[in-house]
Structures are given as C-alpha cells and as structure tokens.
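Here are my comments on the model you sent round, set out as numbered points. Please read them with the structure open beside you.

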Protein chains: 2
Amino acid sequence: MPAAEQTVLPQPSRAEIRIEQVLQALGDPVRLTLVRALATGPAVGIACGAVPLPVTKSTRTHHLRILREAGVITMRTEGTRRIAVLRRDDLDALYPGLLDGVLGAPH
Amino acid sequence: MPAAEQTVLPQPSRAEIRIEQVLQALGDPVRLTLVRALATGPAVGIACGAVPLPVTKSTRTHHLRILREAGVITMRTEGTRRIAVLRRDDLDALYPGLLDGVLGAPH
DNA sequence: ACCGTTCTACGATGCTCGTCGAACTTCGAC
DNA sequence: GTCGAAGTTCGACGAGCATCGTAGAACGGT
C-alpha cells in the first residue's frame with residue numbers, strides 16, 4: 001500500500017496539558033535523562049531504544065507513556081520503531097522558561 | 001530577652017539543591033497550592049497555618065518538610081509560629097525561568 | 001502558674017509508583 | 001514463509017509516599 005504511516009499515539013492537546021502532570025513527569029531521573037537526550041538530539045526526534053538507560057524495555061515503555069500522557073513528548077510509529085519528539089512549542093507556550101530552566105540544570 | 005529568634009530549620013545549600021527533587025516537590029497539588037500562596041503573598045513569608053488546605057495539620061507539616069528539604073522554601077521559627085519563605089533567589093539562580101513558568105500556569 | 005494556640009514527632013495504614021520478567025504483536029529481511 | 005529485532009501489555013513485587021490520629025514540646029497571654 002502507498003503512503004500512510006502517520007500513526008501518532010494519543011496525547012493531550014495543548015489545552016489539556018496540566019502543570020502538575022508535567023512536573024511530576026519531569027521529576028524522575030530516568031525520564032529526565034530521556035528528555036535531555038531528546039532536547040540535545042535532532043529536532044526530528046530519535047528512536048526510543050537509542051537512548052542508553054539502566055532499565056529494561058518494559059520500564060522504558062512505561063516512562064515514555066508517562067511523558068506522552070503528560071504532554072511532554074509526541075510519539076509516532078515508523079516501521080518497527082517508535083520515534084519520540086519533545087513538544088517544545090507547546091511547553092514553551094504554556095510555561096515560558098520552564099523547559100529551559102530544567103534543561104539548563106547541572107547534569 | 002533581647003534579640004535572638006533566628007531559628008532557621010535545616011535546609012540544603014544552593015549547591016545541594018537537586019533539580020529532580022525540586023520538580024518532584026512541585027509536582028504535588030497540595031504543595032503547588034502552598035508554593036503559589038507563598039509566591040503571591042508578602043515577601044517576608046507567611047505562617048504555614050494561614051494557607052487553607054484540604055488536609056490535616058500533620059499532613060501539612062509533611063508537605064512543608066518535603067518542600068524545605070528539596071530547597072524550595074525556608075522556614076524559621078517566630079514565637080509559636082513557623083514562617084515559610086519561598087527561596088526565589090536560589091531557584092532563579094539555579095534554574096532561571098522555571099519558577100516563573102510554573103507560577104504562570106493556569107490555576 | 002495555668003491554659004490555649006501552634007506546630008512537630010511518632011506510629012500505622014492504604015495506595016501509588018518504579019521496576020522486572022514473560023508472553024504477545026508487528027515489522028523487515030533473508 | 002520463517003526468523004529475529006523492536007516495543008507493548010500484563011501481572012506481580014517492593015519501596016516510598018500521602019494521609020491520618022494521637023501525643024508532646026514551645027511560646028504567649030491572662
């Protein structure tokens with residue numbers, strides 16, 4: 001079949017994003033590592049499995065779901081891979097300065 | 001007796017503040033309410049008990065401890081009252097924009 | 001000195017969260 | 001078609017957290 005692979009996983013719209021969920025999502029070491037990797041990587045997003053993490057695959061999936069449902073990242077399916085992208089536009093519009101403040105913190 | 005009441009409760013120094021702890025501390029609805037009240041109130045700080053919260057006093061004490069140990073607030077004893085102050089200077093210096101982003105979020 | 005106010009400390013309980021292993025699905029390559 | 005790689009889902013377990021009630025300490029006023 002031609003075309004079509006635009007499988008974007010369900011996520012909250014910009015208006016549905018809650019500050020408490022975002023903060024709680026960012027408050028975990030594993031998820032913060034993930035977000036930092038997404039922020040410093042290419043803007044088109046990176047494959048989830050490409051980020052080295054000291055956890056198993058299922059735990060990684062769990063954390064990615066938390067980040068997605070909180071509105072921090074977008075995920076789309078591309079073949080057998082999942083590509084994650086940081087929703088920098090939405091976060092900057094809702095909470096200007098927050099993301100930069102978090103990312104600028106000492107690693 | 002003259003002077004002396006400078007009883008400041010133990011708290012992390014600016015260098016000891018961890019971004020993960022700060023985010024996790026701010027990620028709770030009760031604590032976020034507390035921080036918002038401290039931010040909009042007088043700069044000298046307000047009494048802990050003055051903020052209306054849907055929890056008991058012991059729970060309130062617990063949340064204040066979390067905020068203090070994360071480095072978000074300072075607490076000093078003043079007679080029979082505990083005065084809480086937001087550590088805006090330290091937070092702004094460490095994570096510029098973060099606090100404003102959080103406080104600017106829709107209530 | 002006594003009492004009321006204000007808050008902390010101590011247990012105790014229920015629940016959520018982070019973690020894992022195993023089984024299942026889907027896709028790409030041979 | 002068959003195999004392997006990439007991720008998801010499910011159930012389970014342990015740790016930590018939020019909550020509460022009660023008891024106790026420190027201070028101010030009468």
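The points below take each DNA strand in turn and then a single arginine.

1. The model is predicted, and the distances quoted in this note should be read with that in mind.

2. Around DNA strand C there are 18 residues, of which A:Arg31, A:His63, B:Thr61, B:Arg65 and B:Arg82 come nearest. By class, this surface comprises three nonpolar, 10 polar and five charged residues. As for the elements that supply it, α2 (29-40) and α3 of chain A, together with α3 of chain B, each give at least two residues.

3. Which parts of DNA strand C come within 4 Å of the protein? Sugar or phosphate accounts for 73% of those atoms, and the rest belong to bases. On the phosphate side, an N or O atom in the side chain of B:Thr61 is 2.6 Å from a phosphate oxygen of the strand, while a polar side-chain atom of B:Arg65 lies 2.9 Å from a phosphate oxygen. A base is also approached, since the side chain of A:Ser58 places an N or O atom 3.1 Å from a base oxygen of DNA strand C.

4. DNA strand D has 15 residues around it, and those that come nearest are A:Thr61, A:Arg65, A:Arg82, B:His62 and B:His63. Of the atoms of this strand that come within 4 Å of the protein, 70% are sugar and phosphate. The nearby surface holds one nonpolar, 10 polar and four charged residues, and α3 of chain A and α3 (57-70) of chain B each supply at least two residues to it.

5. Individual polar contacts to DNA strand D can be listed for chain B. A polar side-chain atom of B:His62 lies 2.7 Å from a phosphate oxygen of the strand, and B:Arg31 has a polar side-chain atom 2.9 Å from a phosphate oxygen. For B:Ser58, the partner is a base oxygen of DNA strand D, which lies 3.4 Å from a polar atom of the serine side chain.

6. A:Arg68, in helix α3 (residues 57-70) of chain A, deserves a separate look. What lies around this buried residue, given that it has no salt bridge? The nearest side chain of opposite charge, A:Glu69, is 4.1 Å away, whereas the backbone oxygen of A:Pro10 lies 2.9 Å from a polar atom of the arginine side chain. Leaving aside residues up to four places away in sequence, A:Arg68 touches A:Leu9, A:Pro10, A:Gln11, A:Pro12, A:Ile73 and A:Met75.

Terms used. Residues numbered from 1 in each chain as written. Chains lettered and ligands numbered in written order. Predicted model: local features only at pLDDT ≥ 70, side-chain atom pairs only at ≥ 80, totals over all residues. Heavy atoms only, no water. Helix = DSSP H or I, 4+ residues; strand = E, 2+ residues; numbered from the N terminus. Buried < 20%, exposed > 50% of the residue type's maximum accessible area, 1.4 Å probe, protein only. Lys, Arg positive; Asp, Glu negative; His and termini not counted. Salt bridge = Lys/Arg side-chain N within 4 Å of Asp/Glu carboxyl O. Polar contact = N/O pair within 3.5 Å; in protein donor to acceptor, adjacent residues only side chain to side chain. Contact = heavy atoms within 4.5 Å. Near = heavy atom within 4 Å. Nonpolar A, V, L, I, M, F, W, Y, C, P; charged D, E, K, R; others polar.
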